[in-house]
Amino acid sequence: MNNEISSGVQSLHTGAFLDKVYFFFGLAILVSGLGVYFGTSVVMGVIMQMPWLMWVIFGAELLLIFTSRKWSTIHPMNYILFALFALLSGITVVPLIYSFALEFGGYDIIVKALIATTLMFTAGAIIGRTTHRNLSGMRGFLLLGIIGMLIVGIIGIFFPWSNTFEMIYAGFGVLLFSGFVMHDVQKIRSFSEDRYIDGALMLYLDIFNLFISILRLMGALRRN
């Protein structure tokens, strides 16, 4: 009887924690949407006159990511910085969205990428949530994959690659970040109760990078 009561309390605790994670995850997506709108209507004009400003915004975004473990459990700083990070992320993705809209004559490719991202993220989240298999063994491959993508991406800045290689690179990114979704959805269930911002940030980064990879893959496929 005591074991059943303890199990029930644990389930309620886990459910309450996950509710917080997904609430802040959804909130981050909404704030990112505001960032995209703000970036399109205001920031793009400023950035065209001062291109260096985008690097400042991107640097601030990275700083928030790398320091998140220090502020994620400090109230109310965690709410403010988490919302700021989501807003900056929305702004930094505007040039990519704008360039794809110009290249392909409209925002239909963006809408299709958003739909595909939603479906793939949902599928990955369901697998991560329901599987009885321990996915922690994926961690090494995922970390190695992200390091490889970063290195190749930096090389691509100085030595631009072909559209075929872009297709391969983006396709690998789709698989990699789909794997991150499954892994992280399972991983956050082991987090302590006060780390719901960490969990929301992990899922947000997964869906953000998955969207970029899907968008780039769709663009590469259209160019062929």
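Phe 177 and Phe 180 both belong to helix H8 (residues 163–187), where a spacing of three residues puts them about one turn of the helix apart. In this predicted model, both of these phenylalanines are buried.

A step back gives the overall setting. The protein contains nine helices and zero strands, so that, read from the N terminus, its elements run α-α-α-α-α-α-α-α-α. The C-alpha trace spans about 65 × 35 × 30 Å along its principal axes. For 224 residues, a compact globule would be expected to have a radius of gyration near 17 Å, and the value of 19 Å found for the protein agrees with this. Of the 224 residues, 40% count as buried.

Aromatic rings offer a friendly way into the details. A pair of aromatic rings is described by the distance of the centres and the angle of the planes. Across the whole structure, a search finds twelve aromatic pairs. One of them joins Trp 55 and Phe 58 in an edge-to-face arrangement, with 6.5 Å from centre to centre and 85 degrees between the planes. These two residues are separated by about one helical turn because they stand three residues apart in helix H2 (residues 52–66). How exposed is Trp 55? With a relative accessible area of 65%, Trp 55 is classed as exposed, since the cut-off for that class is over 50%. Phe 58, at 35% relative accessibility, counts as partly exposed.

The pair from the opening, Phe 177 and Phe 180, is stacked: the ring centres are 5.9 Å apart and the planes meet at 25 degrees. Here, too, the partners are three residues apart within one helix, H8, but Phe 177 and Phe 180 are both buried, whereas Trp 55 is exposed.

Aromatic residues also gather in a group. Phe 23, Phe 24, Tyr 79, Phe 82 and Tyr 196 together make up one aromatic cluster. A ring can have a charged neighbour as well: the charged end of Arg 195 sits over the ring of Phe 191, at 3.8 Å from the ring centre.

Finally, the surface deserves a look. Which residues make a nonpolar patch there? Ile 147, Ile 151, Ile 154, Ile 155, Ile 157, Phe 158 and Phe 159 form such a patch, with an area of about 780 Å². Among these residues, Ile 154 is located in helix H7 (residues 139–158).

Conventions. Residues are numbered from 1 along each chain as its sequence is written. This is a predicted model: local features need pLDDT of at least 70, side-chain atom pairs count only at pLDDT 80 or more; totals for chains, interfaces and linings use all residues. Side-chain values use heavy atoms; hydrogens and water are left out. Patches are made of residues with over 30% relative accessible area and no salt bridge: like charges are joined within 9 Å, nonpolar side chains (Val, Leu, Ile, Met, Phe, Trp, Tyr) within 5 Å. Accessible areas come from the Shrake-Rupley method with a 1.4 Å probe; for residues, only the protein chains shown count as cover. A salt bridge is a side-chain nitrogen of Lys or Arg within 4 Å of a carboxyl oxygen of Asp or Glu. Helices (H or I, at least four residues) and strands (E, at least two) are DSSP runs, numbered from the N terminus. Rings of Phe, Tyr and Trp (its six-membered ring) pair if their centres lie within 6.5 Å; planes under 30 degrees apart count as stacked, over 60 as edge-to-face and the rest as tilted. Buried means under 20% relative accessible area, exposed over 50%, partly exposed in between (1.4 Å probe, protein chains only). A charge sits over a ring if NZ of Lys or CZ of Arg is within 6 Å of the ring centre and within 35 degrees of the ring normal. The radius of gyration is taken over C-alpha atoms; the globule rule is 2.2 Å times the number of residues to the power 0.38.
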